[in-house]
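Hi,

Here is the structure I said I would pass on. Have a look at it first, and then read my notes below.

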Amino acid sequence: WPVHDYEVVLLETSKGDLVAGLAIGGIWIMRKDGSIIRLSHGNGLISNRILALCEDHEGTVWIGSDSGLQSFRLNRYAGMKFTRELFNSPLTIASARGDGVWVGNAQKAVHRVTRTKIRKLERPIAGTRWIWALHEDRNGVLWANHDAGFMLKISSAGYQEVLSKEGHQDHITTFQEDQQGRLWAGGNRGLWLEENGRWRLVASENAGVARVRCIGGGKDGVLWLGMAGRGLCRREKGEGTLYSSRDVFSSHEISSLFVDRESGVVWIGTLGQGLFLFQDGTF
């Protein structure tokens, strides 16, 4: 791969294939049978600079790049049909209930996109340029956060601004729904929890939690928080344990997390300093 020091986004599909999107090298697909397929600007991609990957419930893979959004079916490599719409640098793509995905871009808008239809949510999001985080919960409510620091709750009842209604504001970058149906959000101010229609800050700077960039949860009810410049936090029953570079990491910069709910293994990606795993109490 022409990776060098550039970023890579990864997606494991429901079929067990691995899709890698490179910041400068297009798409590489590693099939379960060991074969490798490369997609680039020369054979169908609208850009080689890949920003986001997401698979929807129908098995369609969606690619966000600096030139727009497109999709393809991994089980139909021959004669791939691409759906193109020139969004401006979609940074976040989230799977939607049913078919298709939600896409947030740099045009102050959120779109619902399927292989046959594109629907733009009509209300403009004022005072912002980027949509940073999207999540559709199990009740069909879509949560969105943008760079003006406010959160939107989008449902059949319409649009509702939250956080700001209670006088709060935060740059939310990630959502996580646990097995109990509780919805968590991570932002610069710390960890948020949605309860009874209101959001409250449950862990903040006072507890060493700030600039939360990723959240992972397992079947044991434990939450893992990856933070920018703060390392890693493990939260259980409202109590947190902080792990910093002095303990186990070569960097305070945690960029990604994945918790294997079957084995309990936690995978931790750091910004520029490698990959760690936590298993049986040991990093």
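**What I found**

Glu 195 counts as partly exposed, because its relative accessibility is 33%, and cut-offs of 20% and 50% bound that class. Its side chain meets that of Arg 200 in a salt bridge, at 2.7 Å from N to O. Arg 200 is partly exposed too, with a relative accessibility of 43%. Keep in mind that this is a predicted model.

That pair is one of seven salt bridges that a search of the whole structure turns up. Another links Arg 230 with Glu 205, and there the closest N and O atoms are 2.4 Å apart. Arg 230 sits in the loop between strands E21 and E22, while Glu 205 sits in the loop between E19 and E20, so this salt bridge ties together parts that are 25 residues apart in sequence. Arg 230 is partly exposed at 29% relative accessibility, and Glu 205 is partly exposed at 46%.

There is also a salt bridge between Glu 236 and Arg 234, with 3.1 Å between the closest N and O atoms. Glu 236 has a relative accessible area of 33%, so it counts as partly exposed. Arg 234 falls into the partly exposed class with 23%.

Now for the overall picture. The protein has 26 strands and zero helices. It has 283 residues, and 49% of them count as buried. About 14100 Å² of the protein is exposed, with carbon and sulfur atoms supplying 45% of that area. If you take the contacts between residues at least 6 apart in sequence, 35% of them join residues at least 24 apart.

Two bits of strand pairing are worth finding on screen. One is an open sheet of three strands, in the order E5-E6-E7, with antiparallel pairing. E5 (50–55) and E7 (68–73) are its edge strands, each pairing on one side only. From one strand to the next, the twist averages 20°. E5 is joined to E6 (residues 60–65) by five bridges, and Glu 55 has Val 61 in E6 as its bridge partner.

The other is the antiparallel pair of E14 (residues 151–155) and E15 (residues 158–162), also joined by five bridges. A hairpin connects the two strands through two residues, and Leu 152 stands opposite Glu 161 in E15.

Last, the surface. Phe 258, Trp 267, Leu 275 and Leu 277 make a nonpolar patch of about 400 Å². Of these, Phe 258 is found in strand E24 (residues 254–259).

Cheers

Key: Residues numbered from 1 in each chain as written. Predicted model: local features only at pLDDT ≥ 70, side-chain atom pairs only at ≥ 80, totals over all residues. Heavy atoms only, no water. Pairing = 2+ DSSP bridges. Helix = DSSP H or I, 4+ residues; strand = E, 2+ residues; numbered from the N terminus. Buried < 20%, exposed > 50% of the residue type's maximum accessible area, 1.4 Å probe, protein only. Contact = heavy atoms within 4.5 Å. Areas by Shrake-Rupley, 256 points an atom, 1.4 Å probe, with all protein chains shown as cover. Axes fitted to C-alpha atoms, helices over the stretch in contact; angles between N-to-C directions. Patch = residues over 30% accessible without salt bridge, like charges linked within 9 Å, V, L, I, M, F, W, Y side chains within 5 Å. Salt bridge = Lys/Arg side-chain N within 4 Å of Asp/Glu carboxyl O.
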